[in-house]
Amino acid sequence: MLYQPDRSQYPSRKPDGSLDIDLSSGKYLKLWQGPQHPGITGNMSVELTVCGDEVVEGKTHVGYLHRGFEKLMERRTFIQCFPIVCRICVPEPDFNEYCYAAAVEELAGLEVPERAHWIRTLILEMGRINSYLMYLGGQAGALGQGVIGQWTTYVRDLMLDRFEELSGARIYHMFIMPGGVRDGLPDGFDQRMEETLREIESTLADVKDVMFNNAVFKKRTVGLGYIDPAIVDQYGVTGPTARAAGIAKDVRRDQPYLVYPELDFEPVVGQDSDVFTRADVRRRDLLMSVDLIRQILARMPRSGAVMAPLPNVLHWKIPFGETYIRGECSRGEYGYYLVTDGSGYPRRVNVRGPSYTHAMALLERLIVNCNISDVAALMVSLHTYPPEIER
Amino acid sequence: MKDDFPTPPVRDELKKRVVETPDGQTIEIDPLRDYYCQSAPTVMPAAYSKIVEGLFNWARAESLWILGFGTGCGAIEMRPLMTPRFDAYRYGIQWRPTPRQSNLFVISGYLSVKTLKRVIRSYEQMPNPKYVVGLGSCTINGGMYFDSYNTITRLDQYLPVDVYIAGCMPRPEALLAGFEELKRIIRAGKAEGANQYAEQFDWYKANQKRVIHDWDMPDYNW
Amino acid sequence: MSFEWIKIPYALLTLFIVANYGFLLTAVMAKIAARVGRRHGIPVWQNYVDLIKNYGLRSSITHGVMFYLGPVFRLTGGVGLLMFVPTIYGSEMFSNMSFAGDLILALYFVFFGSLGMALGAGESGHPHSAIGVTRGLSQVTAAELPFALAVYAVAVQYQTLSVTEIVAAQQGGILHWTLFTNPLAVAAAMLSFLGSMMRPPFDVVLAPQEIPIGPPTEYHSSYLALMQTNRAIFPIAKIVIYMNLFFGGAASWPVFFLKVFLIYLVSVIVGVVFPRFRVEQSIRWFLIWAVPLGVAAILLV
Amino acid sequence: MRDLYDRLTMAFPLGELTEQRPDLAFVTVPREQLRSLLLHLRDQEGFTHLVLLTAVDWLEEGHFQLTYLMNNRRACRDLGVRVMLARDPASMESIHDLWPTAATYQRELREMFGIDFPGSPRVDEDFILEGWIRTPPYRRDFDTLKFSDEVFAPRPGRASSDPAEFMKQQLYPDKT
């Protein structure tokens, strides 16, 4: 079922392309959704101009979380950058560590041991599960179904326990270093991981019953927020959001990194490109991650080095060069663009997060003609995390 | 420090303007004066009777309503607090969506200048006994972002802070311990941050204005 | 029948019992909802603490007279509703003012609080309050319709508008309840009940994710405390009407507690696993599902 | 990558090709040719996805480098197009009509580097910073630590030092 926008209430356009909205006419109302608003994903805000119950214009405002990482990294040595990169994206920090480490390794010519590749893949998939669990809770919560959030956060806590025994921290793991990973797996990790995975699977079965088979949930989300597959490339849409539009775009398969070529998987693709399909694609992707973790644990080498020998990190200079490393995080394509100039400091780091394109241009387009009640659901369905937009 | 910043121009929506209302009248609007109430906060005394104040303090301590405003990355550990493993509701801690109904502001992590402006507005809208918990090292001395041009380094320069919780990021257990500590302070009647803010209003305001260059709101808006 | 002054302390006693039961009941319901999410939830006395705290807040800001009167109206709606229906059937002490007034008055009081709230929240000037109020009024109107139809069906069935007489007609065994004599009317009324309890799927009025949190956005300190009190009393008062009309009333306090608990539980159990409807969807839902049931109930009587 | 480069050099005056990986290469183009090159890449060569648009400040050489990273999804390879800009006053034509999402990148560059993109929507509005009146912060001549110390009143007792110097003093305290 396609969403048929009703343009009858739409205000006319001025010659320069902006909307002709006269607030003093009493016909329009300006509403701020955020930054202090429970229906917003993180600390950002959407400036809505509404006519009746319908949004005629939405403008995203970001910058509330800006810390200037790209500047801070320019005045830190390569190894000093490593503990701060994970702070860029809070709910799924591991991708920052991986992309940064891989970029530095490529420019410095470091060879990473085979076992570290497997452990990195394991960590990235665990992080993906965390992020998806948070998303499912948020998507249901945006529609008032709080109990899903309780269930998914409960199993997410179990997953954080696994992270904790691996790296010692719940949120910021700082585990993937340039050159490898900090350590191998602890004893008995596989068995505890298997228990966690089983718990996740049973919770997801419940979530499927209560959320995806729920008539009200379907009624709210089917047909909402339709993204035309034709605009996917124009707006830089990647990841599950693009896959829900029927475009099988997955960096893990297209430009494989780490040990993904050796794993057996097929990208999850949806057809209808609405909020419901996006949620469903993410749920199935999560189950695929569970399967991938099982494959990794079954096939990974159990002995060998996990860390390449690093040069003296205090005087570690990386020759002139530039590179771009990408990976498929839970929201889409995540990438680091690193430029070095032969000194001990990065010349320029640019983080390309998927939320950057999703939350700005795409959201501003989708939000038009949508009901005020649906704004939160629509925004969550794009799975944006503000910290990675503004860094 | 010498204040050498020029004042930025007033935004369009804050300029004085003449508006024709739908029923045909013409009125003049001065947004800064009409839409906000600009009078400094006052020190609000405690209840006369010590017993009543003690009861109130106990009730305030046992019913902490947190403003649902995730200002930084610490917000990610607030969610586990609401859920089965930690379940802060057991301790009378709840999340409220509007500043009017909450009395505890958890500054969850670093504050960028842009957020600080919103935080001040939200804080000033909260009703009087109000408490601030600074979460994470970055609220104490800048933490990882000590040299960032966009994050403040000391929260207590801008808002009166009752409890700091150190760490990057603090675990939910640390948060619960911090809330218990806050409860102890409240019960002892020492958490008078709102009155302190009113007493040293000029000092706080000067600090805030030194950081927020485009101060386009009234000095106090509740 | 002459008025006896002793009725006033009796009525206050009823109010006291109902208010306390309401506080405890909402807390227990919150705990039950929390158990579904595998939590323990708030302590049962939490509502009292919140109430004391809200009265103890030092600053209170007013936006005008109606802003102040809004919660008062709302509380009046709850208290008035409670006063004009017999809380305990057959008890001289707890039938309150039910000698006067009838179903029509009760129906009016159900709506009264929402109207008062609309005025108060409108005065507060917050756009989210205004949106919440428009949503609330349209949804309450839609939800009242099947309830009104069910009430008329019941009135036609028993040939009276007096609540006391309707309760009296239902005595003498569980099969005499309206639930079994006129199930269609009860079904329509229970659907309407779901809609008026402000729980999912019909809580778009208070939806924190969209319009935090609707009409009470600007209310704080003692205003909020008044509204909390009302939120304890009003659902109970409403359930009392349902109990009297459809479930045979209550002849003693234990029966009263049990029946109110069970009826309340219906809305909680439904609400805890559902997301919320948009306002036009919920209105359509009422018109499609509940109203035909109510019409059928009237036709069948 | 080399075959693509050979095809492109027929029509455009390109600089040297830097092959970083088999699926990633960078090439420099004069700013006048940029738009037609991007159009050609998008419509003829299948580079439909604009991955990122960012700038590098080469303060010593006195110019900005703009990087347009393009991705060909079908062939699974990336091409980074570099454009060198004069540093002061920095200005570049906008490509928001080719990719709507480029408008966001251009807003960021306008604010963080002070590179102007005339005609790009909302380019003059505040994007991330609010009321910023100093040097654009991502320029190399902006010292963030100095700014932070001046404005934010750091808590006394916190010191930071250069890691190499610090470790040298810790390990070999007697050497100067």
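Leaving aside neighbours within four places in sequence, which residues is Leu65(A) in contact with? Keep that in mind while you get oriented: what you have open is a predicted model, and the predictor gives the complex an ipTM of 0.86 and a pTM of 0.88.

**Stop 1: Leu65(A)**

Select Leu65(A), in the loop between β3 (54–61) and α1 (69–74) of chain A. Now for the opening question: its contacts beyond the sequence neighbours are Asn43(A), Pro386(A), Pro387(A) and Glu390(A), plus Gly72(B) and Ser112(B) from chain B. Draw a distance between the C-alpha atoms of Leu65(A) and Pro386(A): you should get 7.3 Å, although 321 residues separate the two along the chain. Leu65(A) counts as buried because 32 C-beta neighbours sit inside 10 Å.

**Stop 2: chain B and its helix α6**

Hop over to chain B. Colour by secondary structure and you'll find eight helices and seven strands. Of the 222 residues here, 49% are buried. Take the contacts in chain B with a separation of 6 or more: 78% of them come from residues 24 or more positions apart.

Next, select residues 172–187 of chain B, which is helix α6. At 1.5 Å a residue, its 16 residues should span 22 Å, and the end C-alpha atoms are indeed 22 Å apart. Show side chains for Pro172(B), Leu175(B), Gly178(B), Phe179(B), Leu182(B), Lys183(B) and Ile186(B), which are buried. Look down the axis of α6(B): these buried residues fall within an arc of 145°, so they line one face of the helix.

What do the buried residues of α6(B) pack against? Add α2 (50–62), β3 (64–67), α3 (78–82), β4 (93–96), β6 (131–135) and β7 (163–165) of chain B to your selection, and you have the partners. Before leaving, step just past the end of α6(B) to Gly189(B), where phi is positive at about 75°.

**Stop 3: where B meets C**

Bring up chain C. Its contact with chain B takes 27 residues from C and 21 residues from B. On the chain C side, the elements that give two or more residues are α2 (46–56) and α9 (221–246). Of these, α2(C) gives the most, with six residues.

**Stop 4: helix α3 of chain C**

Stay in chain C and select residues 65–83, helix α3. From first C-alpha to last, its 19 residues reach 26 Å, close to the 27 Å expected. The buried residues of α3(C) include Phe67(C), Arg74(C), Val79(C), Leu81(C), Leu82(C) and Met83(C). Several glycines are buried too, among them Gly70(C), Gly77(C), Gly78(C) and Gly80(C). Show α1 (7–36), α4 (103–124) and α9 of chain C to see what the buried residues of α3(C) pack against.

**Stop 5: the nonpolar cores**

How many residues does the largest nonpolar core have? The count is 294, and those with the most contacts inside it are Val375(A), Val133(B), Ala150(C), Ala188(C), Ala189(C) and Tyr242(C). Helix α4 (residues 114–142) of chain A supplies the largest share of this core, 15 residues. Zoom in on Tyr242(C): leaving aside neighbours within four places, its contacts are Ala189(C), Phe193(C), Phe247(C) and Ile263(C). There is also a second, separate core of six residues, including Tyr219(C), Tyr223(C), Ala225(C) and Met227(C).

**Stop 6: the strands of chain D**

Last, go to chain D, which averages a pLDDT of 83, with 99% of the residues scoring at least 70. Five pairs of chains touch, and the most contacts are between A and D. Chains C and D do not touch; their nearest C-alpha atoms are 25 Å apart.

Select strand β4 (residues 63–72) of chain D. Seven of its ten residues are buried, so β4(D) is largely enclosed by the rest of the structure. On one pairing, β3 (residues 49–58) runs antiparallel to β4(D) through nine bridges, with Val56(D) opposite Gln65(D). The hairpin of β3(D) and β4(D) has four residues between the strands, and Gly62(D) in the turn has a positive phi of about 80°.

On another pairing, β4(D) and β5(D) are antiparallel over ten bridges. Here Gln65(D) stands opposite Met84(D), and Asn72(D) faces Arg77(D). This hairpin has four residues between its strands as well, and Cys76(D) takes a positive phi near 55°.

Finish with β2 (residues 24–28) of chain D, which runs parallel to β5 (residues 77–86), joined by five bridges. To mark the pairing, pick Val27(D) and its bridge partner Val81(D).

Terms used. Residues are numbered from 1 along each chain as its sequence is written. Chains are lettered from A and ligands numbered from 1 in the order in which they are written. The expected span of a helix is 1.5 Å times one less than its number of residues. A residue is buried if 20 or more other C-beta atoms lie within 10 Å of its own, exposed if 12 or fewer, and partly exposed in between; C-beta atoms are placed from the backbone. The arc is that of the directions from the helix axis to the C-beta atoms. Two residues are in contact if their C-beta atoms, placed from the backbone, lie within 7 Å. Two strands pair if DSSP finds at least two bridges between them. pLDDT is the predictor's confidence in each residue, from 0 to 100. A nonpolar core is a set of buried Ala, Val, Leu, Ile, Met, Phe, Trp, Tyr and Cys residues joined through C-beta atoms within 7 Å.
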